[in-house]
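Please read the following report alongside the sequence and the coordinates. It goes through the fold, some chosen residues, the core and the main pocket in turn.

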Amino acid sequence: MQGQVTAGGPGAGCIEWPRRNPLALRLLGVLGAGLLGVLAPHVASATEWMYCHDARSRVSVGLLLGLADTVSVVAAILETPKGDYTTSEHYGTGKPFAIRYVRGMMNEARIGIDFMGEPANRLLGELRLRRGKRGDMVVYRGTLTVTGEGSWKVSCDAE
């Protein structure tokens with residue numbers, strides 16, 4: 001019953017593809033590659049890294065932004081004089097931390113994020129950014145505060 005519709009039984013109405021049908025495997029490979037080629041540019045353009053740092057580059061924050069209907073932070077990295085932190089080992093090395101959004105501060109005009117560290121979700125730091133313009137460019141500027149280390153004015157660049 002190679003590639004035929006079955007008449008009855010548990011697979012009724014389904015096409016049965018033999019496990020070793022080279023034509024079927026080639027067809028699936030071509031379809032899969034075509035689908036990946038169509039979807040890959042859209043997935044890649046759905047996120048963008050934004051890096052924030054102070055004027056002397058003593059501290060930096062990298063935010064992987066999701067750019068769908070609303071702005072969201074997918075992942076983050078934080079580098080301070082006393083240590084490095086990351087939300088996922090896929091994006092950098094350092095101690096783990098989590099992101100908590102500040103209510104009413106996550107939109108096109110403002111980004112407000114608390115960085116939560118271990119143990120027991122202690123406040124590691126705060127990032128408060130406002131959107132502005134420099135000529136035709138959109139820029140984000142604000143303040144990064146790290147508990148026990150200090151506070152810095154930061155500006156951000158997208159990559």
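The report below begins with the basis of the model and then turns to the sheet.

## Basis of the model

This is a predicted model, in which local features need pLDDT of at least 70 and side-chain atom pairs count only at pLDDT 80 or more, while totals for chains, interfaces and linings use all residues. Residues are numbered from 1 along each chain as its sequence is written, and side-chain values use heavy atoms, with hydrogens and water left out.

## The sheet

The strands (DSSP runs of E, at least two residues, numbered from the N terminus) include 10 that form an open sheet with mixed pairing, in the order β5-β4-β3-β2-β1-β10-β9-β8-β7-β6. Pairing here requires that DSSP finds at least two bridges between two strands. Because β5 (95-96) and β6 (98-106) stand at the edges with a single partner strand each, one side of each is left without a neighbour in the sheet.

Strand β1 (residues 47-53) runs antiparallel to strand β10 (residues 150-158), with four bridges between them, and cysteine 52 has cysteine 156 of β10 as its bridge partner. On β9 (residues 137-146), seven bridges make the antiparallel connection to β10, where tryptophan 152 stands opposite leucine 144. These two strands, β9 and β10, form a hairpin with three residues between them, and glycine 148 in the turn has a positive phi of about 80°.

## Aspartate 114 and the β6 edge

Five bridges pair β6 with strand β7 (residues 110-117) in the antiparallel sense, and alanine 98 has methionine 116 of β7 as its bridge partner. Aspartate 114 also belongs to β7, and this residue is buried, with a relative accessible area of 7% (buried means under 20%, exposed over 50% and partly exposed in between, with a 1.4 Å probe and protein chains only).

The side chain of aspartate 114 makes a polar contact of 2.9 Å with that of arginine 128; such a contact is a pair of N or O atoms within 3.5 Å, where within protein one must be able to donate a hydrogen and the other to accept it, and residues adjacent in sequence count only if both atoms are side-chain atoms. Beyond its neighbours within four places in sequence, aspartate 114 is in contact (heavy atoms within 4.5 Å) with residues including Ala98, Arg100, Leu123 and Arg128.

## Serine 72

Serine 72 lies in strand β3 and is partly exposed, with a relative accessible area of 27%. Its C-alpha atom is separated by 7.5 Å from that of methionine 106, although the two residues are 34 residues apart along the chain. Leaving aside neighbours within four places in sequence, the contacts of serine 72 are Leu64, Leu65, Gly66, Tyr101 and Met106.

## Nonpolar core

The largest nonpolar core (buried Ala, Val, Leu, Ile, Met, Phe, Trp, Tyr and Cys residues joined through side-chain atoms within 4.5 Å) has 24 residues, and those with the most contacts inside it are Met50, Leu63, Phe115, Leu129 and Leu144. Two or more residues come from each of β1, β2 (60-67), β3 (71-80), β7, β8 (122-134), β9 and β10, and β3 gives the most, with four residues. Not counting residues up to four places away in sequence, phenylalanine 115 touches a set of residues that includes Val61, Leu78, Phe97, Leu127 and Leu144.

## Largest pocket

The largest pocket is lined by 18 residues, and Glu48, Met50, Val138, Tyr140 and Ala158 lie nearest its centre. The elements that give two or more residues to this lining are β1, β2, β8, β9 and β10. On a 1 Å grid over the protein atoms alone, a pocket is an open set of points where a 1.4 Å probe fits, with protein on both sides within 12 Å along at least five of seven lines, and lining residues have an atom within 4 Å of a point.
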